[in-house]
Amino acid sequence: MTAKTLKSFRKKIDRIDAAIIQKLAERRKVVREVGRLKARAKMLVKDPARERAILKHYRTESKRHKLDPQFVHQLFRHIIRYSRLVQK
């Protein structure tokens, strides 16, 4: 592998990482709106059944995409925790 090839791969990774951050920011905006709706409806922020369903779904998706299910599970647990904070 040449330095040029490595640099090219790193640029691709940087673009993917930037897209992930942009999507997380987009998700945060939607989550904030969900929080507002829940507040108006006097609903609890935490929805354990929904969280379990999401985590189960993403565990299945991770396997389909040949990703480590435990990694994806932990990643989305962090995302869900952050989402709860944003909704408050």
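Helices here are DSSP runs of H or I, at least four residues in length, numbered from the N terminus. Ile20 lies in one of them, helix 1. The model is predicted.

**Exercise 1. Classify Ile20 and place it on the surface.**

Task: State whether Ile20 is buried, partly exposed or exposed, and name the patch residues.

Solution:
- Step 1. Take the value. Ile20 has 44% relative accessibility.
- Step 2. Apply the cut-offs. Buried means under 20%, exposed means over 50%, and partly exposed is in between.
- Step 3. Conclude. Ile20 counts as partly exposed because its relative accessibility is 44%.
- Step 4. Add the neighbours. Ile16, Ile20 and Leu24 make a nonpolar surface patch of about 270 Å².

**Exercise 2. Describe the positive patch.**

Task: Find which residues gather in a patch of positive charge, and classify Lys7.

Solution:
- Step 1. List the members. They are Lys7, Lys11, Lys12 and Arg15.
- Step 2. Locate Lys7. Its place is in helix 1, residues 3-40.
- Step 3. Classify Lys7. Its relative accessible area is 52%, so Lys7 is exposed.

**Exercise 3. Work through salt bridges within a helix.**

Task: How many salt bridges does the structure hold? Describe the pairs of Arg36 and Arg64.

Solution:
- Step 1. Count. The structure holds four salt bridges.
- Step 2. Recall the principle. Side chains of opposite charge can pair when their charged atoms come close.
- Step 3. Take Arg36. Its partner is Glu33, and the closest N and O atoms are 2.4 Å apart. Both residues lie in helix 1, three residues apart, about one turn of the helix.
- Step 4. Check exposure. Arg36 is partly exposed at 41%, and Glu33 is partly exposed at 40%.
- Step 5. Take Arg64. It forms a salt bridge with Glu61, with 2.7 Å between the closest N and O atoms. Both lie in helix 2, again three residues apart, about one turn of the helix.
- Step 6. Check exposure again. Arg64 is exposed at 56%, whereas Glu61 is partly exposed at 23%.

**Exercise 4. Link two helices.**

Task: Which helices hold Glu51 and Arg84, and is Glu51 buried or exposed?

Solution:
- Step 1. Identify the contact. The side chains of Glu51 and Arg84 meet in a salt bridge, 2.9 Å from N to O.
- Step 2. Locate both ends. Glu51 is in helix 2 (residues 48-64) and Arg84 is in helix 3 (residues 69-87).
- Step 3. Read the separation. The two are 33 residues apart, and the pair links distant parts of the chain.
- Step 4. Classify Glu51. It is buried because its relative accessible area is 13%.

Note on methods. Residues are numbered from 1 along each chain as its sequence is written. This is a predicted model: local features need pLDDT of at least 70, side-chain atom pairs count only at pLDDT 80 or more; totals for chains, interfaces and linings use all residues. Side-chain values use heavy atoms; hydrogens and water are left out. Patches are made of residues with over 30% relative accessible area and no salt bridge: like charges are joined within 9 Å, nonpolar side chains (Val, Leu, Ile, Met, Phe, Trp, Tyr) within 5 Å. Accessible areas come from the Shrake-Rupley method with a 1.4 Å probe; for residues, only the protein chains shown count as cover. Lys and Arg count as positive and Asp and Glu as negative; His and the chain ends are not counted. The place of a charge is taken as NZ of Lys, CZ of Arg, CG of Asp or CD of Glu. Buried means under 20% relative accessible area, exposed over 50%, partly exposed in between (1.4 Å probe, protein chains only).
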